[in-house]
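These are my notes from a first pass through a structure that was new to me. I wrote down each thing I looked up and what I found.

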Amino acid sequence: MKTSLSPIIAGTMNWGIWDKNLSTSEMAHLIRICIENKITTFDHADIYGDYTTESQFGKAFGESKISRDKMQFISKCGIQHTGGRPNKIKHYDYSKDYIIWSVENSLKNLQTDYLDVLLLHRPSPLMVADEIAEAIEKLKQEGKIIDFGLSNFTSSQTELIRQKTAISYNQIQFSATHHEAMLDGSLDYMQVHGIRPMSWNPLGTVFREDIDQTRRLKKLLVQLVEKYGVGSDTILLSWILKHPSGIFPVAGTVNIARIQQLIKAVELQLDNLDWFAIWTESMGNKVP
């Protein structure tokens, strides 16, 4: 049985020293703002902030005085980063002992007894499915994780792990500017096997790059903003939410005004023609 996540997930990658460098009180305030706006799920990874953001969030969580049962915590493990640890090169470790140690370390840092979801951060050519399954089953039996999933795994890599242990989620790159997953069979595969996708960078490059693709999309979004009476980012998230695979967008904004608008994407029902118009402008040609 899957844990219940909020339809929009708050991504914490930028909360710490990698970007915004929020103080404990600022993080606590942001946690409260998210929950007040029906965003109750928080996406972490052990490597964020060179292995420092989880502990900063944990302190903020403690300061917020919010009950743990009102929140859901996701975290990822597996990447051995050179920043923050004495690793000579970046690599992956999915040994049983390392997975268990990573989860226990994340629990300590986040000041919680369990993760709602554990994800393997990126696939490794050396991962052994049986060993991963042993770690996951032990963590579940001990109540340290409720649900398990993957991140950035292809369908074949997912199937390798799924043959040994249940997979509930796969966090992938998906947006109006990066929509390959709905064409290469990835989202079809997930629907067949009851795996819910999460989407990192759900706004894509629309507001970060000035290229023909983003210019076309921005021009269309001006019309759609006027039609629906919501912001461009709300429309782009609604485009993702309309896909029948049931995608959870992971929104990384720390802008309070934008956070307060995010849930409108769940309520917005894009017309089919507008959904296809966004896809068309992204591709720069008619749909196949």
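**Entry 1: a lysine and its surroundings**

I began with K219, which is exposed, with a relative accessible area of 62%. The cut-off for exposed is over 50%, so K219 qualifies. I noted that the model is a predicted one. I then looked up where K219 sits, and found this residue in helix 8. I also looked up its separation from V128. K219 and V128 lie 91 residues apart in sequence, and their C-alpha atoms are 48 Å apart in space.

**Entry 2: helix 8 and helix 9**

Since K219 had taken me to helix 8, I stayed there. At what angle do helix 8 and helix 9 pack? I found an angle of about 95° between helix 8, residues 212-228, and helix 9, residues 232-241. Their axes are 9 Å apart. An angle from 65 to 115 degrees counts as roughly perpendicular, so that is how I recorded helix 8 and helix 9.

Next I listed the residues that make this contact. Helix 8 contributes L221, L224 and V225, while helix 9 contributes S232, I235 and L236. I sorted the residues of this contact by type and got five nonpolar, one polar and no charged.

**Entry 3: salt bridges**

Side chains of opposite charge can pair when their charged atoms come close. I looked up how many salt bridges there are, and the count comes to 13. I wrote down three pairs.

The pair I took up first was K144 with E104, whose side chains meet in a salt bridge at 2.6 Å, N to O. Where in the chain do K144 and E104 lie? K144 is in the loop between helix 5 (129-141) and strand 7 (145-151), and E104 is in helix 4, residues 96-110. The two are 40 residues apart, and the pair links distant parts of the chain. I checked E104 for accessibility and put this residue down as partly exposed, because its value is 34%.

Then I took E159 and R162, which form a salt bridge with their closest N and O atoms 2.9 Å apart. Both residues lie in helix 6, residues 155-162. They are three residues apart, about one turn of the helix. R162 has a relative accessibility of 27% and therefore counts as partly exposed.

My last pair was R215 and D210, joined by a salt bridge of 2.9 Å, N to O. Are these residues buried or exposed? R215 is partly exposed at 42%, and D210 is exposed at 55%. I also noted a network: salt bridges that share partners join E104, K138, E142 and K144.

**Entry 4: cysteines**

A disulfide is a covalent bond between the sulfur atoms of two cysteines. How many disulfides does a search of the whole structure find? The search finds zero. I looked up two cysteines anyway. C34 has a relative accessibility of 2% and so counts as buried. C77 is buried too, at 2% relative accessibility.

**Entry 5: a buried serine**

I finished with S64, which lies in helix 3, residues 53-64. Is S64 buried or exposed? Its relative accessible area is 8%, and buried means under 20%, so I entered S64 as buried. I then asked which residues S64 touches, leaving aside its neighbours within four places in sequence. The answer is A28 and R32.

Notes: Residues are numbered from 1 along each chain as its sequence is written. This is a predicted model: local features need pLDDT of at least 70, side-chain atom pairs count only at pLDDT 80 or more; totals for chains, interfaces and linings use all residues. Side-chain values use heavy atoms; hydrogens and water are left out. Axes are lines fitted to C-alpha atoms, for helices over the stretch in contact, and angles run from 0 to 180 degrees between N-to-C directions. Helices (H or I, at least four residues) and strands (E, at least two) are DSSP runs, numbered from the N terminus. Angles under 35 degrees count as roughly parallel, over 145 as roughly antiparallel, 65 to 115 as roughly perpendicular and the rest as oblique. Contact means heavy atoms within 4.5 Å. Ala, Val, Leu, Ile, Met, Phe, Trp, Tyr, Cys and Pro count as nonpolar, Asp, Glu, Lys and Arg as charged, and the others, Gly among them, as polar. A disulfide is a pair of cysteine sulfur atoms within 2.5 Å. Buried means under 20% relative accessible area, exposed over 50%, partly exposed in between (1.4 Å probe, protein chains only). A salt bridge is a side-chain nitrogen of Lys or Arg within 4 Å of a carboxyl oxygen of Asp or Glu.
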